[in-house]
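Load the model in your viewer and switch to a cartoon representation. The stops below go from the sheet to one side chain.

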Amino acid sequence: ITDVKKILTKKYQQRKESKIMANNFPNSKTVERLRKRYPEGCRVKLIQMDDIQAPPAGTCGTVSYVDDIGSIHVNWDNGSTLAVVYGVDSCMKIRED
């Protein structure tokens with residue numbers, strides 16, 4: 001348990017520092033661009049997520065909304081609902097045939 005706690009603490013601190021150091025919050029134009037690119041109901045594929053409970057890379061899901069700080073909220077096909085954090089995580093829009 002101690003090792004898991006250390007790993008979680010380190011990951012949280014790295015994520016926190018990356019946001020503070022780079023001031024990764026997008027401006028309103030960027031948020032609007034993200035909302036147009038990832039509208040509610042569009043399908044996405046996870047590329048990378050910096051979270052110990054993240055779905056595996058390649059997991060697909062449906063966008064529910066983009067919030068005011070640019071996080072893309074997704075209902076992942078595996079049941080997870082973790083958001084793709086702007087400037088930290090990444091996903092790509094996919095086509096439904």
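The tour begins with the conventions, then moves through the strands.

This is a predicted model, in which local features need pLDDT of at least 70, side-chain atom pairs count only at pLDDT 80 or more, and totals for chains, interfaces and linings use all residues. Residues are numbered from 1 along each chain as its sequence is written, and side-chain values use heavy atoms, with hydrogens and water left out.

Start with the whole sheet. It is open and has five strands in the order E4-E3-E2-E1-E5, with antiparallel pairing. The edge strands, each pairing on one side only, are E4 (83-84) and E5. Strands here are DSSP runs (E, at least two residues), numbered from the N terminus; two of them pair if DSSP finds at least two bridges between them.

Next, select E1, residues 43-48, together with E2, residues 60-66: three bridges join these antiparallel strands. Arg43 stands opposite Thr62 in E2.

Now add E5, residues 90-94, which pairs with E1 in the antiparallel sense over five bridges. Two positions to label are Val44, opposite Lys93 in E5, and Gln48, whose bridge partner in E5 is Ser90.

Last, go to strand E3, residues 72-76, and pick His73. Is His73 buried or exposed? His73 is buried, at a relative accessible area of 17%; buried means under 20%, exposed over 50%, and partly exposed in between, with a 1.4 Å probe and protein chains only.

Show the atoms around this residue. Leaving aside neighbours within four places in sequence, His73 is in contact (heavy atoms within 4.5 Å) with Thr62, Val63, Ser64, Tyr65, Asp67 and Ala83.

How values were computed:
Helices (H or I, at least four residues) and strands (E, at least two) are DSSP runs, numbered from the N terminus.
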